[in-house]
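The exercises that follow are meant to be worked with the sequence and the coordinates side by side. Each task is followed by a solution that proceeds step by step.

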Amino acid sequence: MKHTESDSTASNEFEFGTTSSDVEVTTGERLRDIYEEFVYKPGLVAWDDRRTRIGSIILFAYVLIGTVGVWLYEAPATNQDPRSLQPFEQFFVAPLGTTGSGEDVLAMAIHATPAMLIMVLAGGVFATGFAVLIGTVAGYKGGATDRLLTTFSDIAMSIPGLPLIMVVAIILSPENPAVIGVIITINYWAGLARSIRSQVLAIREHSYVEASRTMGTGTARIIVKDIIPNIMPYVLVNFANAARYVIFAAVGLYYLGVLPTSVSNWGIQLNNAYKQAGALSGGGTFYQLLVPMAFIMFIALAFILLAQGMDRVFNPRVRTRMAGESKSESDDENDSVAPTEVMN
């Protein structure tokens, strides 16, 4: 009897060890599959699109400007260079000219970039993230939850955006770029949430969603695995639109003097160029408007190109074709290896 118990215990220990090993191997394989499915393959598809490459390069250039450029290029200051230099007049002193007070125009644009990037990221993530949360939950759950969230979205949509932003900005006087980005998109999410809800109402009736519900899959998992991937192209495009909205709204509010001028911004540059330098009155200072305008234009273009190119990553037809090509290449490799093995 004792011998039997010990054998049973040893057997259990062996089985337990085997199970642990299997779990460990399965976890590694799962991590590898996740990497290939959500990082490697989507990256290949995205990079294959010229728009994605161009948008990524432009955006990466802005990131470099906002990090390395700020560190390498001296911050603007009054009387740091000769006053009212024209672009390329003294290239190694002030490549794009100086203001009437001797501030380097290029330095002003470069040192405004970090704050703008933080605003864009914070505003875009808040607007799209909140819209996806409200829209998917309302569309999938339906019933009282849908009515409550839809009413909340309708109320947010009914409030005029610009006056609301101006009132909140004047009350809070925010200087943190992330807070400014959130304030700018304080009710921008509402329209996107309604659009997402409409799409989810159609998606939740699809057969694969019904199958997931039949198998007892949780609501959160169905939303994350079955619904959100199908609306990601639309979400990405609207993230780009939200980013552009943040850029233009921030520049406009800074230009109007609503937001604190203590934070560097291209809108403040435009304001100074127009009101102080008379850039539109033919005084030869139009370049002071062109530099911040170019920074605004190219970052907006980068977001648009990136969103259009990334649409391929979440397009089911492209992903299916990509999977079929990968399988075909794998089969071809196996076929080419097989004769060698036979000959050996």
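## Exercise 1: a pair of helices

Task: determine how helix H8 and helix H9 are oriented relative to each other in this predicted model, and list the residues through which the contact is made.

Solution. The axes of helix H8 (residues 207–214) and helix H9 (residues 219–256) come within 10 Å and cross at roughly 175°. Angles over 145 degrees count as roughly antiparallel, and H8 and H9 are therefore roughly antiparallel to each other. On the side of H8 the contact is made by Tyr208, Val209, Ser212 and Arg213, while H9 contributes Ile222, Asp226 and Asn230.

## Exercise 2: the overall make-up

Task: state how many helices and strands the protein has, and what share of its residues is buried.

Solution. The secondary structure comes to twelve helices and zero strands. Of the 344 residues in the protein, 38% are buried. As for the contacts with a separation of 6 or more, 69% are between residues 24 or more positions apart. The accessible surface comes to about 19,300 Å², and carbon and sulfur atoms account for 63% of it.

## Exercise 3: salt bridges that involve helix H4

Task: find the salt-bridge partners of Asp146 and Asp154, and decide for each residue whether it is buried or partly exposed.

Solution. The structure holds three salt bridges. In one of them the side chains of Arg197 and Asp146 meet, with an N to O distance of 2.7 Å; Arg197 belongs to helix H7 (residues 189–203) and Asp146 to helix H4, so that the pair links parts of the chain 51 residues apart. The cut-off for a buried residue is under 20% relative accessible area, and because Arg197 has 18% it counts as buried, as does Asp146 because its value is 10%.

A salt bridge also joins Asp154 and Arg194, at 2.3 Å from N to O. Asp154 lies in helix H4 and Arg194 in helix H7, so this pair ties together parts that are 40 residues apart in sequence. Asp154, with a relative accessible area of 33%, is partly exposed, and Arg194 is likewise partly exposed at 28%.

Ser153 is found in helix H4 (residues 143–158) and is buried, its relative accessibility being 2%. Leaving aside residues up to four places away in sequence, Ser153 touches Ile134, Trp189, Ala190, Ala193 and Arg194.

## Exercise 4: positive phi in a loop

Task: give the phi values of Ser84 and Phe88, and establish where these residues lie.

Solution. Most residues other than glycine have a negative phi. Ser84, although not a glycine, has a positive phi of about 55°, and Phe88, also not a glycine, has a positive phi of about 65°. Ser84 lies in the loop between H2 and helix H3 (105–141), and Phe88 is placed in the loop between H2 and H3 as well. Ser84 is partly exposed, with a relative accessible area of 44%, whereas Phe88 counts as exposed at 55%.

## Exercise 5: a covered helix and a nonpolar patch

Task: identify what covers helix H10, and then name the residues of the nonpolar surface patch.

Solution. Helix H10 (residues 266–275) is mostly covered, with seven of its ten residues buried, among them Trp266, Ile268 and Leu270. The cover over these buried residues includes H2, H3, H9 and helix H11 (287–310). The nonpolar patch on the surface is formed by Phe60, Val63, Leu64, Val68, Trp71 and Leu72, which together have about 660 Å² of accessible area. Trp71 is in helix H2 (residues 50–72) and is exposed, with a relative accessible area of 71%.

Technical notes
Residues numbered from 1 in each chain as written. Predicted model: local features only at pLDDT ≥ 70, side-chain atom pairs only at ≥ 80, totals over all residues. Heavy atoms only, no water. Patch = residues over 30% accessible without salt bridge, like charges linked within 9 Å, V, L, I, M, F, W, Y side chains within 5 Å. Areas by Shrake-Rupley, 256 points an atom, 1.4 Å probe, with all protein chains shown as cover. Salt bridge = Lys/Arg side-chain N within 4 Å of Asp/Glu carboxyl O. Helix = DSSP H or I, 4+ residues; strand = E, 2+ residues; numbered from the N terminus. Buried < 20%, exposed > 50% of the residue type's maximum accessible area, 1.4 Å probe, protein only. Axes fitted to C-alpha atoms, helices over the stretch in contact; angles between N-to-C directions. Parallel < 35°, antiparallel > 145°, perpendicular 65-115°, else oblique. Contact = heavy atoms within 4.5 Å.
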